[in-house]
Amino acid sequence: ENPPEGDALVTNQPGLIIGVQTADCVPAFIYDSEVPLVAALHGGWKGALGGIVENTIALMLEKGAKKESLRAAIGPSIRQESYEVDGNFYQTFVKKNPSCSGFFKPRVQKEKFFFDLQGFVKQRLQEEGIQTIHTLDQDTYANDALFFSCRRAFHKGEASFGNQASCIMIRPH
């Protein structure tokens, strides 16, 4: 039997390691050390725009987490200066919420933009009330010595690419 697929996992089980695989998308972790409860989520642009952050936090609150004690961490992902998108991509975000335009920097080329996916995910976390967010400020696209990058592999014409695994666990007593 195949395991279920999804963009987020939540657990209160000590010693159980949960994680996500990414190759440019944003790995984000949310935790409440008082309950304890942890979540790992895959912040791709579709999921981030579709509410993965909000839905994950809602589930955590339903499972007993307290909004004021939630903390988050963001792992390595593609940075804005490496993430070029077209005008249709830009319009997808702005049609959903005009304030999303702040996550796009216009390029000299007409109808091209640089998108801040990490900033977008971070703002979703902040809007949900998370005050403490630790960010590993590493660009997966630009740092080929340390990270895999789907976009970099595509631009180089490589047949395949790898993934980073980012994990979180509640320490057993």
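Which charged end sits over the ring of F120? I open with that question, and I shall answer it once the surroundings have been introduced. Please keep in mind throughout that the structure before you is a predicted model.

Let me begin with the strands. Five of them form an open sheet, and their order is β1-β4-β3-β5-β9, with mixed pairing. At the edges stand β1, residues 8-11, and β9, each of which pairs on one side only. Neighbouring strands in this sheet are turned against each other by 15° on average, with direction ignored.

Within the sheet, I would draw your attention to β3, residues 26-32. This strand and β5 run antiparallel and are joined by five bridges. A residue to locate here is I30, which stands opposite A72 in β5. Helix α2, residues 52-62, lies across β1, β3, β4 and β5, and runs at about 165° to β4.

A further pairing involves strand β2, residues 18-22, and β10: these two pair in the antiparallel sense, over five bridges. Here V20 has S166 as its bridge partner in β10. Which side chains of β10 point to the buried face? They are Q164, S166 and I168. The side chains of A165 and C167 point to the other face and are not buried. S166 therefore appears twice in this account: as the bridge partner of V20, and as a member of the alternating pattern along β10.I turn now to the aromatic rings. A pair of aromatic rings is described by the distance of the centres and the angle of the planes. In this model there are 16 aromatic pairs. Take Y90 and F104: their ring centres lie 5.0 Å apart and their planes stand at 85°, so this pair is edge-to-face. Y90 belongs to helix α3, residues 87-96, and F104 to strand β7, residues 104-106, so that the pair links parts of the chain 14 residues apart. Both residues, Y90 and F104, are buried.

A second pair is formed by F93 and F120. It is edge-to-face, with 5.2 Å from centre to centre and 80° between the planes. F93 lies in helix α3 and F120 in helix α4, residues 117-127, and the two are 27 residues apart. F93 and F120 are both buried. Ring pairs also link these residues into a cluster whose members are W45, Y83, F89, Y90, F93, F103, F104, F113, F115 and F120.

We can now return to the opening question. The charged end over the ring of F120 is that of R124, at 4.1 Å from the ring centre. Is R124 buried or exposed? Its relative accessibility is 7%, and R124 therefore counts as buried, the limit being under 20%.

R124 also brings us to the salt bridges. Side chains of opposite charge can pair when their charged atoms come close. The count for this model is five salt bridges. In one of them R124 pairs with E127, the closest N and O atoms being 3.0 Å apart. Because E127 and R124 are three residues apart in helix α4, about one helical turn separates them. A network of salt bridges links E54, R124 and E127.

Two other salt bridges deserve mention. The side chains of D137 and R79 meet at 2.2 Å, N to O. D137 is in the loop between β9, residues 132-135, and α5, residues 150-155, while R79 is in the loop between β5, residues 70-74, and β6, residues 84-86. These partners are 58 residues apart in the chain. D137 has a relative accessible area of 52% and is exposed.

The other bridge joins K156 and D144, at 3.7 Å, N to O. K156 lies in the loop between α5 and β10, and D144 in the loop between β9 and α5, so this bridge ties together parts that are 12 residues apart in sequence. With a relative accessibility of 49%, D144 counts as partly exposed.

Finally, I come to S82. Where does S82 lie? This residue is found in the loop between β5 and β6. S82 has a relative accessible area of 13% and is buried. Leaving aside residues up to four places away in sequence, S82 touches D139, Y141, A142 and R151. Between S82 and Y141 there are 6.4 Å in space, C-alpha to C-alpha, although they are 59 residues apart in sequence.

To close, I return to helix α4. There, R124 has its charged end over the ring of F120 and forms a salt bridge with E127. F120, in turn, pairs with F93. Thank you for your attention.

Key
Residues are numbered from 1 along each chain as its sequence is written. This is a predicted model: local features need pLDDT of at least 70, side-chain atom pairs count only at pLDDT 80 or more; totals for chains, interfaces and linings use all residues. Side-chain values use heavy atoms; hydrogens and water are left out. Rings of Phe, Tyr and Trp (its six-membered ring) pair if their centres lie within 6.5 Å; planes under 30 degrees apart count as stacked, over 60 as edge-to-face and the rest as tilted. Helices (H or I, at least four residues) and strands (E, at least two) are DSSP runs, numbered from the N terminus. Buried means under 20% relative accessible area, exposed over 50%, partly exposed in between (1.4 Å probe, protein chains only). A charge sits over a ring if NZ of Lys or CZ of Arg is within 6 Å of the ring centre and within 35 degrees of the ring normal. A salt bridge is a side-chain nitrogen of Lys or Arg within 4 Å of a carboxyl oxygen of Asp or Glu. Contact means heavy atoms within 4.5 Å. Two strands pair if DSSP finds at least two bridges between them. Axes are lines fitted to C-alpha atoms, for helices over the stretch in contact, and angles run from 0 to 180 degrees between N-to-C directions.
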